[in-house]
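Reader: I have a model open and would like to talk it through with you. Could we go through it one question at a time?

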Amino acid sequence: MQIRHITGVADARIQQSAGSDARCQHRPHARAFTGVTAADVTNSLVVNLASSSQVAPTYWLNVKNSVTYPIALQTPQYQIDTLPALQNLPINATGAPTTVLGGIADIRRDHSNAVVSQYDISPMVQIYATIQGAISAQSPATFRKSSL
């Protein structure tokens, strides 16, 4: 059954993004060999991609006016604009030699769903539509259909 054949449905659309570009797969043997944990990878990526204030907040106290200022470190976005640049991000781990993300994970372009919706346990696609006719066209309606 197609949504466009239902009487009273107007402007049916799927708002979910159809795909994302990058995909990362871990190499468990390399990670075990280097002594890097998942927390080490997460903390290093958050510092480089978001800022250090997310992982380890640091403050500077100005003794002249007694005001505390947050200090946030972050890699500039223009320095992480390619997959090789992402693969070369350093991963810092306590008690382990510094390695790069590409040394413990395979990062490559792949196409997968950016958003995965589920109803109970089944995957689904959310279709949004407005109602035409007696009810105002401003009232949105949501139709859910489980994918096969």
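Reader: Where is Leu73 found?
Author: Happy to start there, with the reminder that this is a predicted model. Leu73 does not need a long search, as its place is the loop between β4 and α4 (83–87).

Reader: Is Leu73 buried or exposed?
Author: The cut-off for exposed is over 50% relative accessible area. Leu73 has 56% relative accessibility, so Leu73 counts as exposed.

Reader: Which residues form the nonpolar patch on the surface, and about how much accessible area do they have together?
Author: Leu73 is one of its members, along with Trp60, Val67, Tyr69 and Ile71. Together these five names account for an accessible area of about 470 Å².

Reader: Which strand gives the largest share of the nonpolar patch?
Author: Look at residues 67–71, which make up one strand. Three residues of the patch come from there, and that largest share belongs to strand β4.

Reader: How many aromatic pairs does the structure hold, and is the pair stacked or edge-to-face?
Author: The structure holds one aromatic pair. The ring centres of Trp60 and Tyr69 are 5.8 Å apart, and their planes are at 25°. Planes under 30 degrees apart count as stacked, so the pair of Trp60 and Tyr69 is stacked.

Reader: What are the relative accessibilities of Trp60 and Tyr69?
Author: Partly exposed is the class between under 20% and over 50%. Trp60 counts as partly exposed at 46%. Tyr69 is partly exposed too, with a relative accessible area of 36%.

Reader: How do β3 and β4 pair, and over how many bridges?
Author: Asn62 is a good place to look, since this residue stands opposite Val67 in β4. The sense of the pairing between β3 and β4 is antiparallel, and the number of bridges is five.

Reader: Which residue takes a positive phi in the hairpin of β3 and β4?
Author: Most residues other than glycine have a negative phi. The hairpin of β3 and β4 has four residues between its strands. A positive phi near 60° is taken there by Ser66.

Reader: Is Ser66 buried or exposed, and at what relative accessible area?
Author: Ser66 has its place in the loop between β3 (58–62) and β4. Exposed means over 50%, and Ser66 is therefore exposed, with a relative accessible area of 60%.

Reader: Which residue takes a positive phi in the hairpin of β8 and β9?
Author: Strand β8 (residues 117–119) and β9 pair in the antiparallel sense over three bridges, with Ser117 opposite Met124 in β9. Two residues lie between the strands of this hairpin. The one with a positive phi near 60° is Asp120.

Reader: Which residue is the bridge partner of Val9 in β9?
Author: β1 and strand β9 (residues 122–131) run antiparallel and are joined by three bridges. In β9, Val9 has as its bridge partner Ile131.

Reader: What is the phi of Asp11?
Author: Asp11 has its place in strand β1 (residues 9–13). Asp11 is exposed, because its relative accessible area of 52% is over 50%. Although Asp11 is not a glycine, its phi is positive, at about 55°.

Reader: How far are the C-alpha atoms of Thr7 and Gln132 separated?
Author: Thr7 has its place in the segment before β1, and counts as exposed at 79% relative accessibility. Along the chain, Thr7 and Gln132 are 125 residues apart. Their C-alpha atoms are separated by 8.4 Å.

Reader: Is Thr99 buried or exposed, and which residues does Thr99 touch?
Author: Thr99 has its place in strand β6 (residues 99–100). Its relative accessible area is 15%, and buried means under 20%, so Thr99 is buried. Leaving aside residues up to four places away in sequence, Thr99 touches Val36, Leu89, Pro90, Ile91 and Ile104.

Reader: What percentage of the residues in the protein is buried?
Author: The protein has five helices and 10 strands. About 10,700 Å² is exposed by the protein, and carbon and sulfur atoms supply 55% of that area. Of the 148 residues, the buried ones make up 24%.

Reader: What share of the contacts with a separation of 6 or more comes from residues 24 or more positions apart?
Author: Contact here means heavy atoms within 4.5 Å. Among contacts in the protein with a separation of 6 or more, residues 24 or more positions apart account for 59%.

Note on methods: Residues numbered from 1 in each chain as written. Predicted model: local features only at pLDDT ≥ 70, side-chain atom pairs only at ≥ 80, totals over all residues. Heavy atoms only, no water. Patch = residues over 30% accessible without salt bridge, like charges linked within 9 Å, V, L, I, M, F, W, Y side chains within 5 Å. Areas by Shrake-Rupley, 256 points an atom, 1.4 Å probe, with all protein chains shown as cover. Salt bridge = Lys/Arg side-chain N within 4 Å of Asp/Glu carboxyl O. Buried < 20%, exposed > 50% of the residue type's maximum accessible area, 1.4 Å probe, protein only. Phe/Tyr/Trp six-rings, centres within 6.5 Å; stacked < 30°, edge-to-face > 60°. Pairing = 2+ DSSP bridges.
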